[in-house]
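Me: I'm new to this one. Could you take me through a single part of it up close, and then show me what else is worth a look?

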Amino acid sequence: MDSLAREAVDLLSQTYGRYEGHRAVHSKGTVCKGTFTAMPDAARLTRAAHMQGEPVQVTTRFSNGAGNPASPDFVQDGRGMATKFYLPDGSRTDIVALDLPCFFVRTPEDFIKFTRAGRRLPVINQPGPRLALYLATHREALRAVRAFLALKPPASYARVRYNGLHAFRWVDADGGERYVRYGWLPEAGVATISTGEAKHAGPDYLQQDIVDRLGREPVRFTLQVQLAGEGDSVADPTAVWPEERETLVVGTLELTELETGRDTGGDILVFDPTRVTDGIELTDDPIPRFRSQAYSVSVERRAGVSRPAELD
Ligand code: HEM
């Protein structure tokens, strides 16, 4: 295991504290299940099994970014949406997304420096000299930092737009290649509330809301892909591609019920951006591979075992 990945998880745990049995970050969340159905444009662009149009089962976990499972939902934070697609041959593939337009860093080394400089992200509200110095020398981090600071409490996990941030190479049936980035668009529309309203709604309002919603009706998202154009960086998650790039809606996610019983009693649920499948490939972006190692460290600590690829 890469020692940098251990260092990253150590730093995250120093920031938030270490909580037995919980993820090092994104500790608080709710797991749901449903189906994903691809639209015809998907099969045109990739031969991946879940993109051919037949509905596939999914598990989606919504989460808050903090590493403290008791962190109230109203605290200023990023939100995550991690989705696992169960493919016909028994294998799985994941899309892991956040409510930011881009990421803070380009390299594992910068992740360590940035995390050391900033520690818990909300404190970048009062940047100390270390973070100011980091940002002065790493201008590429500014967009994500500004976006993070501007995040307002969501009205619901079902009313957030989540982005995959990394580029992936989609390979079609004839071997044709396109680079894409994922976005999950909420069918209910994007909506935020004030911090006062969120506090009034309570420390678990996001978890409760998703339970209530699923009790009433399915929660739906569409999957959008943005296609890279000439000169767009496919290896740098801090770089946003121009807005005018072509986007296509390639599928619909319909979550229908809670998936209880996950993450307990020996079940280990891990979402990993490097878990791709034939028709979807990684780029030279070093962050996904680093994340995969860091997620394994987190699993080792929360579950007490090495990550069992066949179980999650
Ligand atoms: C170097 C950068 C990063 C590091 C070191 C890191 C670290 C971690 C760790 C340790 C976990 C807990 C894993 C587990 O126990 O299963 C986690 C979860 C998560 N990360 Fe990251 N992360 C990074 C970048 C990202 C990016 C770029 C995204 C979004 C595109 C992201 C989205 C998430 C989400 C949504 C979860 C929760 C997954 C779940 O619900 O199980 N992370 N991250």
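Reply: Let's start at the metal. The iron atom of the ligand has Tyr295 (OH) as its only protein donor, at 2.1 Å; donors here are N, O and S atoms within 2.8 Å of the metal (3.2 Å for Na, K and Ca), and water is not among the atoms, so sites may look incomplete. Tyr295 sits in helix 8 (residues 286-303), where helices are DSSP runs of H or I with at least four residues and strands are E runs of at least two, numbered from the N terminus.

A word on the model: it is predicted, with local features needing pLDDT of at least 70 and side-chain atom pairs counting only at pLDDT 80 or more, while totals for chains, interfaces and linings use all residues. Residues are numbered from 1 along each chain as its sequence is written, and side-chain values use heavy atoms, leaving out hydrogens and water.

Now for Cys32, which you'll find in strand 1 (residues 29-38). Cys32 has 0% relative accessibility, so it counts as buried (under 20% relative accessible area; exposed is over 50%, partly exposed in between, with a 1.4 Å probe and protein chains only). Beyond its neighbours within four places in sequence, Cys32 is in contact (heavy atoms within 4.5 Å) with residues including Val58, Phe62, Ile210, Leu214 and Glu257. As for Gly266, it lies 234 residues from Cys32 in sequence and 18 Å away in space, C-alpha to C-alpha.
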